[in-house]
Amino acid sequence: MRKTAEVDSGIAAIVGATVGALGTGGAVAVTGLWGAWAARYQLAAQEAQLRRQLRVEHVRERREPRRTVYADFLTQARAVERALGRYRESHTTDMDAFHRAIDQLDHLGVQVLLEGPPPVAAPSQELIRSAHRCIRPLRNSIGVREQFDAGSRECADAAESVAEAGLAFTAEVRDFAEAARRVLDDDSAVEPVQRAGHPAH
């Protein structure tokens, strides 16, 4: 009986030691897994922050050249606008200066296309088309002034057509300026910081 009790207690001790060893090993395993997960989480967070910082720098680097190109384009658009006004108020028949102003606007429009983005490129091209649409009524007005008296109905109608084209052009200048302002102020191009293990939505 005593031998049986000794055997039972020995088995119990072995079982207890085994369970204890397994418990300690399990705790070590869980701790190791938790540490590895935490390290991966921290690394992913650091990578996300680095991507964000790089993206912010990239946006800043693109913003300044764009600001310069947009400003040059707008300056030339205003030059076209002023030239059209001078032609309306004068009796000159030489449109070479007006054509040169539009050619320069075309040239700067290519720079806008290269810098982008599409929300600015589209209104820049519409502005250029509007500038070209001013040529015909202006040429017609010059021709009418050569044939009719300054106070004639024909001259008044021709001048009104030039004025309408000019107003449409001025509206396109405002639209481009607003689009350029939105792009330069827009930070949504900077991707949001992602939580580790979760894609940005």
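This passage describes the helices, the nonpolar core and the aromatic contacts of a predicted model.

The secondary structure of the protein chain consists of five helices and zero strands. Along the sequence the pattern reads α-α-α-α-α. The chain has 201 residues, of which 29% count as buried. Among contacts with a separation of 6 or more, 78% join residues 24 or more positions apart. The chain exposes about 13,200 Å², and carbon and sulfur atoms supply 57% of that area.

The largest nonpolar core holds 32 residues. Tyr70, Phe98, Leu105 and Phe169 have the most contacts inside this core. Five elements each give two or more residues to the core: α1, α2 (96-115), α3, α4 (135-147) and α5. The largest share comes from α5, with nine residues.

Two aromatic pairs were found in the structure. In one of them, Tyr70 and Phe176 meet edge-to-face, at 6.0 Å centre to centre and with 85° between the planes. This pair links distant parts of the chain. Tyr70 lies in helix α1 (residues 2-89) and Phe176 in helix α5 (residues 153-185), 106 residues apart. Tyr70 counts as buried because its relative accessibility is 2%, below the 20% cut-off. Phe176 has a relative accessible area of 0% and is therefore buried.

Phe73 and Phe176 also form an edge-to-face pair. Here the centres are 4.8 Å apart and the angle between the planes is 65°. Again the pair links distant parts of the chain, with Phe73 in helix α1 and Phe176 in helix α5, 103 residues apart. Both Phe73 and Phe176 are buried. Together, Tyr70, Phe73 and Phe176 make up one aromatic cluster.

Leu105 was examined next. Neighbours within four places in sequence are left aside here. Leu105 is then in contact with Phe73, Gln76, Ala77, Val80, Leu127, Ile128, Ala131 and Phe169. Two of these names also appear elsewhere in this account: Phe73 is part of the aromatic cluster, and Phe169 is among the core residues with the most contacts.

Ile128 is placed in helix α3 (residues 118-133). The relative accessible area of Ile128 is 7%, so this residue is buried. Beyond residues up to four places away in sequence, Ile128 touches Phe73, Leu105, Asp106 and Gly109. Ile128 and Ala77 are 51 residues apart in sequence, yet their C-alpha atoms lie 8.5 Å apart in space.

Helix α4 was compared with its expected span. At 1.5 Å a residue, the 13 residues of α4 should span 18 Å. The end C-alpha atoms of α4 are 19 Å apart, which agrees. The buried residues in α4 are Ile135, Pro137, Leu138, Ser141, Ile142, Gly143 and Val144.

Cysteines were considered last. The structure holds zero disulfides. Cys134 counts as buried because its relative accessibility is 1%. Cys155 is likewise buried, at 6% relative accessibility.

Note on methods. Residues are numbered from 1 along each chain as its sequence is written. This is a predicted model: local features need pLDDT of at least 70, side-chain atom pairs count only at pLDDT 80 or more; totals for chains, interfaces and linings use all residues. Side-chain values use heavy atoms; hydrogens and water are left out. Helices (H or I, at least four residues) and strands (E, at least two) are DSSP runs, numbered from the N terminus. Buried means under 20% relative accessible area, exposed over 50%, partly exposed in between (1.4 Å probe, protein chains only). Contact means heavy atoms within 4.5 Å. Rings of Phe, Tyr and Trp (its six-membered ring) pair if their centres lie within 6.5 Å; planes under 30 degrees apart count as stacked, over 60 as edge-to-face and the rest as tilted. A nonpolar core is a set of buried Ala, Val, Leu, Ile, Met, Phe, Trp, Tyr and Cys residues joined through side-chain atoms within 4.5 Å. The expected span of a helix is 1.5 Å times one less than its number of residues. A disulfide is a pair of cysteine sulfur atoms within 2.5 Å. Accessible areas come from the Shrake-Rupley method with a 1.4 Å probe; for residues, only the protein chains shown count as cover.
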